[in-house]
Amino acid sequence: MATGRTHRPATRSRGIPEATVARLPLYLRALTALSERSVPTVSSEELATAAGVNSAKLRKDFSYLGSYGTRGVGYDVEYLVYQISRELGLTQDWPVAIVGIGNLGAALANYGGFASRGFRVAALIDADPAMAGTPVAGIAVQHTDDLDRIISDNGVSIGVITTPPGAAQQVCDRLVAAGVTSILNFAPTVLSVPEGVDVRKVDLSIELQILAFHEQRKAGEDASVEGEDPQAPPMRATPAGRKGPDGDMPAVMPA
């Protein structure tokens with residue numbers, strides 16, 4: 001089987017826009033679910049709904065793959081699964097190294113979905129000498145002192161960083177120096193990488209903050225429906241016992 005070191009996906013050379021590439025995994029997830037239910041064909045409208053995009057955008061995306069479906073029939077599910085998997089490079093074997101085997105790193109190592117999607121956790125690496133040799137998900141943790149050798153021996157081109165933020169850049173630099181050209185970063189920090197190295201950042205706190213924004217907006221809409229002004233300035237608490245010209249001041253006063 002081909003490895004990630006010698007074969008790289010051809011999406012950029014084929015001129016597929018990055019926005020389309022970002023949506024291909026969404027289509028693949030929806031198509032895989034249909035395949036598991038033995039659904040033979042799917043219309044662009046049905047697939048777009050399942051993937052959370054509009055059908056016109058889906059048809060445009062698939063045109064970059066040379067797939068246009070059949071009028072009145074739709075798209076062949078199994079063929080699209082293969083076509084998108086091939087375009088994403090998932091028909092190959094991509095060895096992955098996870099650096100930082102704390103709670104998050106161990107959870108990722110134990111995730112069973114990698115293998116079915118073209119990825120193989122080839123190495124687990126940690127800076128703690130006490131972790132060396134400890135089995136996690138059936139793989140012995142190795143020390144960062146051996147990082148260069150580990151990357152080389154396993155032909156790793158994709159690294160996953162799950163270290164504390166203070167260590168992430170140093171780990172990133174060592175991965176790049178060892179030949180890693182794609183990095184998935186879970187550390188809450190921005191990494192600096194040379195040209196030719198791709199970084200994808202996963203920041204759970206940012207995602208939660210975005211959800212908090214939407215929750216606040218929904219709460220404001222509810223308050224507006226109930227007759228309150230969601231744009232009204234906040235009320236300021238007044239220290240207890242403070243006196244006004246007419247006696248005790250209320251607990252809150254307009255800002």
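Colleague: I'm new to this one, so let me start with a helix: what covers the buried residues of H4?

Modeller: Before that, keep in mind that this is a predicted model. To see what covers a helix, look for the elements in contact with its buried residues. For H4, the cover includes helix H1 (18-36), strand E1 (41-42), helix H2 (44-51), helix H3 (55-64) and strand E2 (75-76).

Colleague: And which residues of H4 are the buried ones?

Modeller: They are Val-77, Leu-80, Val-81, Gln-83, Ile-84, Ser-85, Glu-87 and Leu-88. Here's the general idea for reading such a list: an α-helix has 3.6 residues a turn, so residues three or four places apart point the same way. Try it on the list, which includes Val-77, Leu-80, Ile-84 and Leu-88.

Colleague: How do I check the length of H4 against what is expected?

Modeller: Take the distance from the first C-alpha to the last and set it beside the span expected at 1.5 Å a residue. H4 runs over residues 77-88, 12 residues in all, and reaches 16 Å, close to the 16 Å expected.

Colleague: What happens at the ends of H4?

Modeller: At the start, look for a side chain that caps the helix. Asp-76 does this at the N-terminal end of H4, with a side-chain oxygen 3.2 Å from the backbone nitrogen of Glu-78. Past the other end, check the backbone angles: Gly-89, just after H4, takes a positive phi of about 85°.

Colleague: H1 was part of that cover. How does its span compare with what 1.5 Å a residue gives?

Modeller: H1 has 19 residues, so it should span 27 Å, and its end C-alpha atoms are 28 Å apart, which agrees. After H1 comes Ser-38, which has a positive phi near 60°.

Colleague: Which residues of H1 are buried, and what covers them?

Modeller: The buried ones are Thr-20, Val-21, Arg-23, Leu-24, Tyr-27, Leu-28, Ala-30, Leu-31 and Leu-34. Their cover includes E1, H2, H3 and H4. So you can read the packing from either side: H1 helps cover H4, and H4 helps cover H1.

Colleague: Let's go down to single residues. Is Ser-44 buried or exposed?

Modeller: Compare the relative accessibility with the cut-off: buried means under 20%. Ser-44, which is found in helix H2, counts as buried because its relative accessibility is 9%.

Colleague: What does the side chain of Ser-44 make polar contacts with?

Modeller: One partner is the side chain of Glu-45, at 3.2 Å. Another is the side chain of Arg-59, at 2.8 Å. Not counting residues up to four places away in sequence, Ser-44 touches Ser-55, Leu-58, Arg-59 and Tyr-75.

Colleague: Where is Arg-59, and is it buried or partly exposed?

Modeller: Arg-59 is in helix H3. Its relative accessible area is 37%, so Arg-59 is partly exposed. Leaving aside neighbours within four places in sequence, its contacts are Ser-44, Glu-45 and Tyr-75. Arg-59 also shows how folding brings positions together: Glu-45 is 14 residues apart from Arg-59 in sequence and 9.4 Å apart in space, C-alpha to C-alpha.

Colleague: What about a strand residue, say Lys-201: what does its side chain reach?

Modeller: Lys-201 lies in strand E9 (residues 198-201), and at 37% relative accessibility it counts as partly exposed. For a polar side chain, look for backbone oxygens around it. A polar atom of the Lys-201 side chain lies 2.9 Å from the backbone oxygen of Ala-187, and the side chain also reaches the backbone oxygen of Thr-189 at 3.2 Å.

Colleague: Now a pocket. How much space lies in the second largest one, and which residues are closest to its centre?

Modeller: About 270 Å³ of space lies in it. Of the 19 lining residues, the closest to the centre are Val-99, Ala-127, Thr-163, Ala-167 and Val-171. To read a lining, ask what it is made of and where it comes from. This one divides into 10 nonpolar, seven polar and two charged residues. Its largest share, four residues, comes from H7.

Colleague: Finally, how many helices and strands does the protein chain have?

Modeller: Eight helices and 13 strands. Of its 255 residues, 36% count as buried.

Definitions and conventions:
Residues are numbered from 1 along each chain as its sequence is written. This is a predicted model: local features need pLDDT of at least 70, side-chain atom pairs count only at pLDDT 80 or more; totals for chains, interfaces and linings use all residues. Side-chain values use heavy atoms; hydrogens and water are left out. Helices (H or I, at least four residues) and strands (E, at least two) are DSSP runs, numbered from the N terminus. The expected span of a helix is 1.5 Å times one less than its number of residues. Buried means under 20% relative accessible area, exposed over 50%, partly exposed in between (1.4 Å probe, protein chains only). Contact means heavy atoms within 4.5 Å. A polar contact is a pair of N or O atoms within 3.5 Å; within protein, one must be able to donate a hydrogen and the other to accept it, and residues adjacent in sequence count only if both atoms are side-chain atoms. On a 1 Å grid over the protein atoms alone, a cavity is a set of points where a 1.4 Å probe fits but cannot get out, and a pocket is an open set with protein on both sides within 12 Å along at least five of seven lines; lining residues have an atom within 4 Å of a point. Grid points are joined across faces, edges and corners, and a volume is the space filled by probe spheres set on the points. Ala, Val, Leu, Ile, Met, Phe, Trp, Tyr, Cys and Pro count as nonpolar, Asp, Glu, Lys and Arg as charged, and the others, Gly among them, as polar.
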